[in-house]
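Hi,

Here is the structure I promised to pass on to you. Please have a look at it first, and then read my notes below.

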Amino acid sequence: MANEDVLGISFDELTAAMAEVGNNWERVPLRNMEGREGWEDALVGMLKDHATVTNFPRLREILTRLLFAAEPRVDTSPGSPSSSRNSTPESAPLSQRSIPAERYYTLPPQDKIAILSFMCNLAISSKAIHAHMESCEEQLTALRKEKIDVNRLKKQHIEEMNNLKDEAKEDPATKNGVDQDVVMQDVSDLSDVSEGGSETPSSSTGKKNSARQKELRLKAVTTAHAKQREAARVKQASVKQALSDHRRLDEEVNKLERRLEGIERDFRKLLGAVRVKPLGKDRFYNRVWWFDGMGSASLVGSGGVAQYGTARLFIQGPSEFDRELLDQRTGEDIDGRRKEEEGESGVLGPGNWAVYSDLEELDEYVAWLNVKGHRETALKTALTKWWVHITAGIRRRTADVNVNARLPEARRSARTKGGYDITREPYMTWVNRRAVNSS
């Protein structure tokens with residue numbers, strides 16, 4: 001194989017061309033201010049150092065396309081407007097030396113995808129990525145422990161709040177009964193005293209003793225009343241303190257709940273850097289994916305502002321194994337049922353993907369899920385858990401797309417017959433801010 005020519009270039013010619021490109025690529029900085037000039041040479045250097053025909057079967061073909069170009073063909077036909085027009089058909093053999101910066105754009109899409117796939121696999125096996133994944137695992141373990149402690153403390157606060165609520169409850173019957181007894185005794189004593197004023201002098205001696213007894217009784221009642229009022233004040237102060245402690249514990253519980261939400265977001269972020277799992281499957285084994293808030297992304301920015309990555313819900317068709325499970329259902333027309341429920345264009349096969357980017361369509365999909373099925377119950381629970389963040393991201397992305405998609409129609413001349421400008425698409429305005437900050 002090494003002695004055979006590939007695209008018209010021998011192995012020795014390719015080796016000679018490779019020797020002059022991509023040397024010391026790891027030490028050459030790619031500055032964003034300079035348009036990351038030279039990244040194509042760095043790509044060739046990376047392939048030279050890390051790729052082999054075993055781990056990257058299309059290595060030789062790709063390197064040949066990056067380092068050689070076809071010889072321009074001069075079109076001298078009489079009908080051509082210019083005899084100096086050059087053309088380089090795709091099928092023409094490669095013969096002239098070229099540079100990767102001029103040749104990368106000519107690579108077929110499958111070759112570019114193969115390069116990206118190889119680079120991802122290479123990065124995953126690097127020490128830096130391994131160290132980062134181990135750090136994520138350690139942080140996940142710490143978050144699990146913290147979640148247990150926070151839940152335990154939250155449960156303890158809730159129990160204390162329930163006890164304080166019982167203590168704060170007053171007994172209205174007892175309170176009203178004490179006050180009424182005191183008032184009735186006071187009224188009775190006053191009535192006796194007023195009746196005593198109409199007695200004759202002959203019985204004054206006996207009445208003096210009676211008046212003294214009444215005075216003693218009145219004094220005793222007054223003392224008891226004072227004690228009862230003091231007890232009521234103590235009870236009221238205790239109730240106020242219990243209510244104050246209840247409010248304080250309620251605020252602590254709210255803080256713990258917010259911390260639990262933060263733990264869930266951090267957990268999703270770290271877990272997404274290690275392994276990515278779908279939210280669940282529906283009745284036809286379609287996998288539901290939501291990629292926001294994973295890795296270095298965050299769902300909430302400063303000030304609680306919603307942030308998004310894709311702001312979409314992706315649906316992946318069932319795998320071959322899942323299709324076999326569906327086909328094993330006897331007595332049921334699965335294909336007919338899928339066409340009826342999902343629509344002709346909505347039926348996904350292995351390797352097919354669909355996306356929800358509109359809230360109304362997403363609401364219809366969630367309403368379609370049947371909570372009686374164990375798969376869709378788990379899926380709906382996961383969607384409910386993250387629903388606030390999912391919908392907030394979709395709303396903000398929709399607003400951003402609408403703002404960026406507005407064209408200055410009022411200032412456009414009616415005589416202008418220009419075509420559609422693809423540079424106005426939102427994805428064309430994306431900027432790698434990490435590269436800007438690092439340069």
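The side of helix α9 that faces away from its buried residues carries E320 and F321, both exposed. Helix α9 itself covers residues 320-327, and its buried residues are D322, R323 and L326. Viewed down the axis of α9, these buried residues fall within an arc of 105°, so they line one face of the helix. By buried I mean under 20% relative accessible area, by exposed over 50%, and by partly exposed anything in between (1.4 Å probe, protein chains only). The arc is that of the directions from the helix axis to the C-beta atoms. Helices (H or I, at least four residues) and strands (E, at least two) are DSSP runs, numbered from the N terminus.

Before you go further, please keep in mind that this is a predicted model: local features need pLDDT of at least 70, side-chain atom pairs count only at pLDDT 80 or more, and totals for chains, interfaces and linings use all residues. Residues are numbered from 1 along each chain as its sequence is written, and side-chain values use heavy atoms, with hydrogens and water left out.

Helix α11 can be described in a similar way. Its buried residues are L362, Y365 and V366. These cover an arc of only 95° around the axis, which puts them on the same side of α11. On the face turned away from that buried side you will find the exposed residues E360, E364 and A367. E360, in helix α11 (residues 359-368), counts as exposed because its relative accessibility is 60%.

E360 also belongs to a surface patch of negative charge, together with D358, E361, D363 and E364. Patches are made of residues with over 30% relative accessible area and no salt bridge, with like charges joined within 9 Å. Asp and Glu count as negative, Lys and Arg as positive, while His and the chain ends are not counted. The place of a charge is taken as CG of Asp or CD of Glu. The accessible areas come from the Shrake-Rupley method.

Now for the salt bridges. Side chains of opposite charge can pair when their charged atoms come close. With a salt bridge taken as a side-chain nitrogen of Lys or Arg within 4 Å of a carboxyl oxygen of Asp or Glu, a search of the whole structure finds 19. One of them brings us back to α9: R323 pairs with D335, with 3.4 Å between the closest N and O atoms. This pair links distant parts of the chain, as D335 is in helix α10 (residues 334-342) and R323 is in α9, 12 residues apart. R323 is buried, at 17% relative accessible area, whereas D335 is partly exposed, at 43%.

Within α10, R338 forms a salt bridge with E342, their closest N and O atoms being 3.0 Å apart. These two are four residues apart, about one turn of the helix, and both are buried. There is also a network of salt bridges that links R283, E332, R337, E341 and E376.

Finally, which residues other than glycine have a positive phi? N24 does, with phi near 55°, and so does A311, with phi near 55°. N24 sits in the loop between α1 (11-18) and α2 (39-50) and is exposed, at 52% relative accessibility. A311 sits in the loop between β6 (287-289) and β7 (313-316) and is buried, at 2% relative accessible area.

Best wishes

Definitions and conventions
Patches are made of residues with over 30% relative accessible area and no salt bridge: like charges are joined within 9 Å, nonpolar side chains (Val, Leu, Ile, Met, Phe, Trp, Tyr) within 5 Å. Accessible areas come from the Shrake-Rupley method with a 1.4 Å probe; for residues, only the protein chains shown count as cover.
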